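Here are my notebook entries from a session with this model, written for a colleague at the bench. Have the structure open alongside and follow me from entry to entry.

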Amino acid sequence: MGRYLIKRLLMIFPMLIGISLITFVVIHLAPGEPVEMQVSMSPKISAATREKLREYYGLNKPLHVQYGIWVSHLARLDFGRSFGSDHRPVTEKIAERIPVTLSLNVIALILEFCLAIPIGILAATHRDTLVDRSISVFVFLGFAVPTFWLALLCMYLFGVKLNWLPISGLHSMGSDKLPFFGWLWDLAKHLILPVGIATFGSLAGLSRYMRSSMLEVLSQDYITTARAKGVKERLVIYKHALKNAMLPVITLLGFSLPGLIGGSVIFETIFAIPGMGQLFYQGVMARDYPLVMGILIIGAFLTLLGNLLADLSYAFADPRIRHGRE
Amino acid sequence: MTLGRRLALVLFAFLAFGCAQGTPEQKPRAAAKGGPPAYGDALVTGSIGEPSNLIPVLSTDSASSDISGLVYNGLVRYDKDLKLEGDLAQSWDVSRDGLTITFHLRHGVKWHDGEPFTSRDVLYTYKVLVDPKTPTAYSDAYKQVKTAEAPDPYTFRVTYPKPFAPALESWGMNILPAHLLEGKDITKSPLIRHPVGTGPYIFKEWITGQKVTLESNPDYWEGRPYISKYVYRIIPDASTMYMELKSGGIDEMPLSPVQYQRQTNTPEFLSRFNKYRYPASAYTYLGYNLRLPLFQDKRVRQAMTCAINKEEIIQGVLFGMGQIAHGPFKPGSWAYKPKVNDDFGYDPARALALLKEAGWVMGKDGILVKDGKQFAFTIMLNQNDQRVKTAQIVQQRLRKVGIVAKIRVMEWASFITNFIDTGKFECVILGWTLGQDPDIYDVWHSSKTGPKELNFIHFKNAEVDRLIEEGRETFDIEKRKACYWRIQDILAEEQPYTFLYVPDALPAVSSRFHGIVPAPAGIGYNLIKWYVPKAEQVY
């Protein structure tokens, strides 16, 4: 197990180099350069000024040299400064946005699991009944409805018509002067719509997973045995079946790790939430190479780490796998 | 908005409401409670984009200049009638030969941190603009300066090698505090996120991705602004912003034509908001690649203009919220000639006659043919809803006179890099944002046809070249006017572009704000005089 772990950890580095090389080339292949995005079609800029700006950003060097410089900085954990006109360190720009995205995603993830698991169980235990069908319709509705459209409708209903909830942003004007609980309540009101809609949209996947996994377990011999020996149905389901049915769901949790720092552009744009999705999108549109590369590398690292954790947790949770490897 | 920014004809820019002109129109509204001017309250405004950098020489986006325009001042600025007036400079003299401009600076102006403002600050701003180590997009106008000097704390003098009319306007650039920046690396200055200026509003805080807050400057030399707080909320989605406006989350925003015409005429909306309407400083055009034989005959270009119904485009695309463009100047400005000799208005019969003259004959399938080739080409444009609709209307009209136009829509960066910069296009639909100074050297002079330069259609006309040069080398408005009026007649005759339309700026502002006086400069020019009567204050 220890050797396996070390091997897996060491594998992360060549993978990261591969990922960074590909993304570096792809982003540089996209038409337009950072300088172009800032000054293209602006009349008061001469060719000399343009060239000066390119030199300032090091864009006049050959691509492999640029990559070399970038990697050598990265090796010292220096992600560089943004090519955006604020010239701020990339890490600072990311650090500013991660808390919002992370906490929103964590809340949404917890809600998603808390809702999807009972829904899945309910659907499985009432298989092919009206309950099961209604649940299917409900979760697939959430899956199929375009989130931005639903978000706009809800904003109109709850924000404009009923005036119950704020429409966008995270805080109301003057919320910084409120006492702590008032401030928290204000924040919570701002989060109801985005978190609620994000959760509604993601229920389908997990709850269907839970349902099928539960059904599979319920059809196994040991459940029949349990029922035959007269165990109460409640106990059969929640004690005997649930434990095993949860296994694949735990793995899914591991895979959700990299998703936690990635935000959704559309979602963040509609709700005016200053998260990672917007930052990345703006970075790509402005061809802000260091920023884009920085986010991608952190994302790639977390994905690899998430995969590793998922594999490990699977091994820990399932004795068959653990013993198989030993 | 700084003058430096206004100076730039930045393509595809925001139609910010502060820099428009013409005759504003105000819709009637329900009687407000009213009351005398009072200090207090806050103006919450919405912006799609977030400022990037609050040191104005380093940023190029409209959001940054919205904020820095309130925090900083320039030496000069445009007044409500779009005439240059003194800002930090009380007055200025231009020498007889037009080579030297002497600015007499205002006494007693203080930076927000209490330091006095002097000519040292102006000299520093000039030096940082021309410093090769400064990554600024604005250096070109200042590199023309031969010498810049500050003989005493309240005098600043610049000399040019030859008279250069747009020079005066370039001193509208926001002046930076030398005592905080001199000798430091400007790209790493804390002022990037915490500006210190001389303007009517003092920077308070900037929460990334959420808002920028400014507070009124009690010691402002023009008097303390009535509205105590200015909050600039970042709301990246236009539909969200509109709902925020309706629910009271923001107090003002620019409306789209459909919102202005169709969605905001309820008594409820009109009682809570005032809508304003005036021509924006921008126009949209259909440009021809004049290097191609197809478009080299001016009769063909004239015929295309005659075939296109501009009024129909304005109705269809802008819901009537705009006007026909005839040339490259702002309607209503002094450089604009109200009636050009022949503007080739909508007239399909004339179009057909002109095309026949140019040797095109109607084929059996209803498509014009010359030398065995059909009249067909592609119109290229970027993903911009209004331009896409415009292209479709143009396409239909051209088809009626036997011309086949295909439409190709693409992403901005690849459009500019792969097609405009390389000259590989036939026809484009694009727009220009106009500065206040009418100098059009960069877009129309024949020397500007190089790679990545803005005369990308390759318009070359010796008379226009001469008139453009004459126009920028004199400070005499009458002489300049004569040049620009003649240019408009030539462009109308040549039709290198089919000038399509000038859209209207359509801001809506909460009706609790009083003191808004629409003028050719729009409504934002007198922000410090806007007020909310005590009874109506909400924040």
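**Entry 1: strand 8 and its partners**

I began in chain B, where strand 6 (residues 100-105) and strand 8 pair in the antiparallel sense over 5 bridges. Please keep in mind throughout that this is a predicted model. For a landmark on this pairing, I noted that H104(B) stands opposite T155(B) of strand 8.

I then looked at strand 7 (residues 147-152) of chain B, which also pairs with strand 8 in the antiparallel sense, here over 4 bridges. Between these two I picked out E149(B), whose bridge partner in strand 8 is R157(B). How many residues make up the hairpin that joins strand 7 to strand 8 of chain B? I found 2 residues there.

Next I checked how covered strand 8 of chain B (residues 155-159) is. Of its 5 residues 4 are buried, so the strand is largely enclosed by the rest of the structure.

**Entry 2: strand 2, a parallel case**

Staying in chain B, I moved to strand 2, which pairs with strand 11 (residues 229-234) in the parallel sense over 6 bridges. My landmark here was G46(B), which stands opposite R233(B) in strand 11.

I asked myself which residues of strand 2 of chain B point one way and which the other. A42(B), V44(B) and G46(B) go one way, while L43(B), T45(B) and S47(B) go the other. That fits a reminder I keep in the margin: in a regular strand, side chains alternate between the two faces of the sheet. Both sets are buried in this strand, and I noted that 6 of the 6 residues of strand 2 are buried, leaving the strand mostly covered.

**Entry 3: a small sheet**

Further along chain B I found an open sheet of 3 strands in the order 16-17-18, with antiparallel pairing. Its edge strands are strand 16 (361-362) and strand 18 (373-374), each of which pairs on one side only. I followed strand 16 to strand 17 (residues 368-370) of chain B: they run antiparallel and are joined by 2 bridges. For this pair I wrote down V361(B), whose bridge partner in strand 17 is V369(B).

**Entry 4: loop residues**

I went through the loops of chain B looking at backbone angles. Most residues other than glycine have a negative phi, and I listed two residues that go the other way.

- D41(B) has a phi near 65 degrees, which is positive in a residue other than glycine. I located D41(B) in the loop between strand 1 (25-26) and strand 2 (42-47) of chain B. Its relative accessible area is 5%, so D41(B) is buried.
- F344(B) has a positive phi too, near 50 degrees. I located F344(B) in the loop between strand 15 (322-324) and helix 13 (348-357) of chain B. F344(B) counts as buried because its relative accessibility is 3%.

I also stopped at T60(B), in the loop between strand 2 and helix 2 (62-71) of chain B. Is T60(B) buried or partly exposed? With a relative accessible area of 31%, T60(B) is partly exposed. I then took its distance to Y138(B): the two lie 78 residues apart along the chain, and their C-alpha atoms are separated by 8.9 Å.

**Entry 5: where the chains meet**

Turning to the interface, I counted 45 residues from chain A and 61 residues from chain B in the contact. The two chains bury about 4,200 Å² between them, 59% of it on carbon and sulfur atoms. There are 3 salt bridges across the interface. One that I looked up joins the side chains of R287(A) and E411(B), at 3.6 Å from N to O.

I also checked R97(A), which lies in helix 5 (residues 90-125) of chain A. Its relative accessibility is 3%, so R97(A) counts as buried. Beyond its sequence neighbours within four places, R97(A) has contacts in both chains, including P274(A), M276(A) and Q282(A) as well as E50(B), T208(B) and G209(B).

**Entry 6: a surface patch on chain A**

Last, I looked at the outside of chain A. L21(A), V25(A), L29(A) and L63(A) form a nonpolar patch on the surface, with about 350 Å² of accessible area together. Which element gives the most to this patch? Helix 1 (residues 2-29) of chain A does, with 3 residues. I picked V25(A), which sits in helix 1; its relative accessibility is 36%, so V25(A) counts as partly exposed.

Terms used:
Residues are numbered from 1 along each chain as its sequence is written. Chains are lettered from A and ligands numbered from 1 in the order in which they are written. This is a predicted model: local features need pLDDT of at least 70, side-chain atom pairs count only at pLDDT 80 or more; totals for chains, interfaces and linings use all residues. Side-chain values use heavy atoms; hydrogens and water are left out. Patches are made of residues with over 30% relative accessible area and no salt bridge: like charges are joined within 9 Å, nonpolar side chains (Val, Leu, Ile, Met, Phe, Trp, Tyr) within 5 Å. Accessible areas come from the Shrake-Rupley method with a 1.4 Å probe; for residues, only the protein chains shown count as cover. A salt bridge is a side-chain nitrogen of Lys or Arg within 4 Å of a carboxyl oxygen of Asp or Glu. Buried means under 20% relative accessible area, exposed over 50%, partly exposed in between (1.4 Å probe, protein chains only). Contact means heavy atoms within 4.5 Å. Two strands pair if DSSP finds at least two bridges between them. Buried area is the accessible area (1.4 Å probe) that two parts lose on being put together, summed over both.
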